[in-house]
Amino acid sequence: MSTTLPLFWPLSSASTDERLDASVKLINGLQQFQDSKAAAPAESDASEDDSDEDEDKGDSTKKLNEDLNSEDVKYALRRLIRGLASPRESSRLGFSVALTELLARLNTVDAAGIVSSILEASVTSNAMKGQEIRDTLFARLFGLTAVIQSDLLFRTSRLTTSLSAPNESGPPASTLAAFQTAITELINLGEKKSDSNGRTKR
């Protein structure tokens with residue numbers, strides 16, 4: 001279990017000041033865990049290096065990100081993305097602010113991977129009720145907005161490949177494909193809202 005777990009609860013506070021304060025504490029705590037991982041001796045495995053050559057580019061980038069992020073950061077990314085689907089507006093706001101700030105600080109995640117995680121966590125189905133669909137679509141909107149506001153989607157730098165050698169360049173933090181996917185999904189969300197308004201008027 002993540003040792004930062006108690007820091008997530010205040011993100012759902014009805015108070016804006018409390019949510020912002022909680023976000024600052026959470027991100028600072030995660031930064032400390034990330035710094036500690038960077039200071040720890042790197043583990044190497046020749047067999048893993050050989051197998052990496054057989055992986056496709058997407059899988060290699062995903063594995064790279066997982067290896068470079070601390071367990072608390074990996075947990076936080078999952079928790080913050082899933083929390084965007086909360087039916088409480090205060091929770092969505094608190095989690096989106098924290099996610100935006102975390103993405104802005106990390107140089108070990110790529111836009112394509114984060115956008116993919118957001119889309120996977122916000123899939124609607126025919127079995128969902130109206131409110132559930134609404135909450136899920138809001139999660140997708142808030143998640144994509146966080147990627148944009150963090151500047152991750154427009155980042156021209158390359159990912160860090162080693163925390164002990166941050167100057168080593170890896171894959172690009174963002175790509176044209178990631179940008180196109182995010183924009184397409186935002187357009188789709190706008191069209192769904194328009195369709196919903198049209199049905200309401202009729």
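When I say contact in this talk, I mean heavy atoms within 4.5 Å. Thanks for coming, everyone; one thing to keep in mind is that this is a predicted model.

With that cut-off, let's start at Gln-34. This residue sits in helix 1. Is Gln-34 buried or exposed? Gln-34 is buried, because its relative accessible area is 8%, and the limit for buried is under 20%. So what surrounds it? Setting aside neighbours within four places in sequence, Gln-34 is in contact with Leu-68, Asn-69, Ser-70, Val-73, Leu-106 and Thr-108.

Now let's stay with helix 1 and look at how it packs. Helix 1 covers residues 16-39 and helix 5 covers residues 89-105; their axes come within 9 Å and cross at roughly 35°. The crossing of these two helices is right-handed. On the helix 1 side, the contact is made by Arg-19, Leu-20, Ser-23, Leu-26, Ile-27, Asn-28, Leu-30 and Gln-31. Helix 5 answers with Ser-90, Leu-93, Gly-94, Val-97, Ala-98, Glu-101, Leu-102 and Arg-105. Sorted by class, this contact of helix 1 with helix 5 has eight nonpolar, five polar and three charged residues.

Next, the nonpolar core. The largest one has 36 residues, and Leu-77 and Leu-80 are the members that touch the most others. Which elements give two or more residues to this core? They are helix 1, helix 4 (71-83), helix 5, helix 6 (111-120), helix 7 (130-149) and helix 8 (176-201). If you want to click on one residue, try Leu-77. Not counting residues up to four places away in sequence, Leu-77 touches Leu-99, Leu-102, Leu-103, Leu-106, Val-109 and Ile-114. You may recognise two of those names: Leu-102 is also part of the contact between helix 1 and helix 5, and Leu-106 is also in contact with Gln-34.

On to the charges. How many salt bridges does a search of the whole structure find? The search finds six, and I'll walk you through some of them.

Back in helix 1, Lys-25 forms a salt bridge with Asp-21, with the closest N and O atoms 3.3 Å apart. The two residues are four apart in the sequence, about one turn of the helix. Lys-25 counts as partly exposed because its relative accessible area is 49%, and Asp-21 is partly exposed too, at 40%.

Helix 4 has a pair of its own. Glu-71 and Lys-74 meet in a salt bridge at 2.9 Å, N to O, and they are three residues apart, about one turn of the helix. Glu-71 counts as exposed because its relative accessibility is 57%, and exposed means over 50%.

The pair I'd like you to look at last is Arg-92 and Asp-135. Their side chains meet in a salt bridge at 3.7 Å, N to O. This one links distant parts of the chain, with Arg-92 in helix 5 and Asp-135 in helix 7, 43 residues apart. Are Arg-92 and Asp-135 buried or exposed? Both are buried.

There is a third member here: salt bridges with shared partners join Arg-92, Arg-134 and Asp-135 into one network. Arg-134 lies in helix 7, and with a relative accessible area of 40% it is partly exposed. Arg-134 and Pro-87 are 47 residues apart in sequence, with their C-alpha atoms 8.7 Å apart in space.

That's my tour; thanks for listening!

Conventions: Residues are numbered from 1 along each chain as its sequence is written. This is a predicted model: local features need pLDDT of at least 70, side-chain atom pairs count only at pLDDT 80 or more; totals for chains, interfaces and linings use all residues. Side-chain values use heavy atoms; hydrogens and water are left out. Axes are lines fitted to C-alpha atoms, for helices over the stretch in contact, and angles run from 0 to 180 degrees between N-to-C directions. A crossing is left-handed if the near helix is turned anticlockwise from the far one by less than a right angle, and right-handed if clockwise. Ala, Val, Leu, Ile, Met, Phe, Trp, Tyr, Cys and Pro count as nonpolar, Asp, Glu, Lys and Arg as charged, and the others, Gly among them, as polar. A nonpolar core is a set of buried Ala, Val, Leu, Ile, Met, Phe, Trp, Tyr and Cys residues joined through side-chain atoms within 4.5 Å. Buried means under 20% relative accessible area, exposed over 50%, partly exposed in between (1.4 Å probe, protein chains only). A salt bridge is a side-chain nitrogen of Lys or Arg within 4 Å of a carboxyl oxygen of Asp or Glu.
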